[in-house]
Amino acid sequence: MNFLDIIASNDTRYNFHSHTQFCDGRDIMENFVTSAIAKGFHHYGFTPHSPVPIASSCNMKFEAVDSYIKEFNRLKGCYGDRINLYLSLEIDYLSPEFCASNSYFSSLPLDYRLSSVHFIKSQDGDFVDIDGKFDNFKRNMSMYFHDDIEYVVNQFYNQSVSMVEAGGFDIIGHFDKIGHNASHYRPGIEDESWYNKRVVELFEAIMDHHLIVEVNTKALALYNRLFPNVRYFDMLRKYNAPVLVNSDAHYPDLIDAGRDFAIKLLKK
């Protein structure tokens, strides 16, 4: 079954965003598959963080891609009669040259492509991770960004709009995730008009390019937060945006975490 058909169906037993031993996930692929089957999932997609040409402990190595594809095909052969499995990557956008639409990613036999921004350029031109835990984010603000939170937010949304315009992918991952760390760094920043203007600008670009919006539930249990923020659900309704609810699971027992809540909230 094509994953696009799931959006038009009433089948909610899916997850199209997960991480395993090939990147920063905490267990092997097979354990995610058996957990998904045990939880009654019909569809499950793997999205290891893509290889990147910069130092990153969270991303898959280029030399591991063939092993990842081989393991996926083995699991599909073993479990394909019980669950639909999908091969994908969460492709990091770094630049128009390194993005989901470049020839390397286009050549891979992926069932779909999810793309996100995790690294942005500092004022000095270095790529820095702004996606991790707040303690690391706060340290990076001082070390790399001269404590300029507005620069960081604007750079995140600039890169996100550029990612959308570059294309080559189907689903945009956690499109306002910078708001989480930014709001810890400067409480209330998401209420500021300039911030909301950037979110709306990105969302309109997403709709103009006919992308699927991920509602990401990873931070719900710890921070009572969804990506996008619930405050932007009105935009999803206004534009009748195609949506997939993903858990961004790094552990097999969390593949369904928060999904029922988000699905009910979206329907409400």
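Which residues lie nearest the centre of the second largest pocket? Keep that in mind as we walk through this predicted model, starting from the sheet.

The sheet is an open one with 5 strands, running in the order β4-β5-β8-β9-β10, and its pairing is parallel. At the edges sit β4 (90–92) and β10, each of which pairs on one side only.

Let's follow the β10 end. Strand β8 (residues 171–172) pairs with β9 in the parallel sense, over 2 bridges. One residue to find here is Ile172, whose bridge partner in β9 is Val213. Strand β9 (residues 212–216) in turn pairs with β10, again in the parallel sense, this time over 4 bridges. Look at Val213 once more: it stands opposite Val243 in β10.

Now for β10 itself, which covers residues 243–246. Val243 and Val245 point one way from the strand, while Leu244 and Asn246 point the other way. Buried or exposed, these four? All of them are buried.

Val243 also takes us back to the opening question. Along with Ala241, Ile263, Leu266 and Lys267, Val243 lies nearest the centre of the second largest pocket, which has 21 lining residues. Two or more of the lining residues come from each of these elements: α1 (3–8), α10 (233–238), β10 and α11 (259–267). So what kind of lining is it, by class? There are 12 nonpolar residues, 4 polar and 5 charged. The space inside this pocket comes to about 610 Å³.

Technical notes
Residues numbered from 1 in each chain as written. Predicted model: local features only at pLDDT ≥ 70, side-chain atom pairs only at ≥ 80, totals over all residues. Heavy atoms only, no water. Buried < 20%, exposed > 50% of the residue type's maximum accessible area, 1.4 Å probe, protein only. Pairing = 2+ DSSP bridges. 1 Å grid on protein atoms, 1.4 Å probe; cavity = no way out; pocket = protein on both sides within 12 Å on 5 of 7 lines; lining within 4 Å. Points joined across faces, edges and corners; volume = space filled by probe spheres on them. Nonpolar A, V, L, I, M, F, W, Y, C, P; charged D, E, K, R; others polar.
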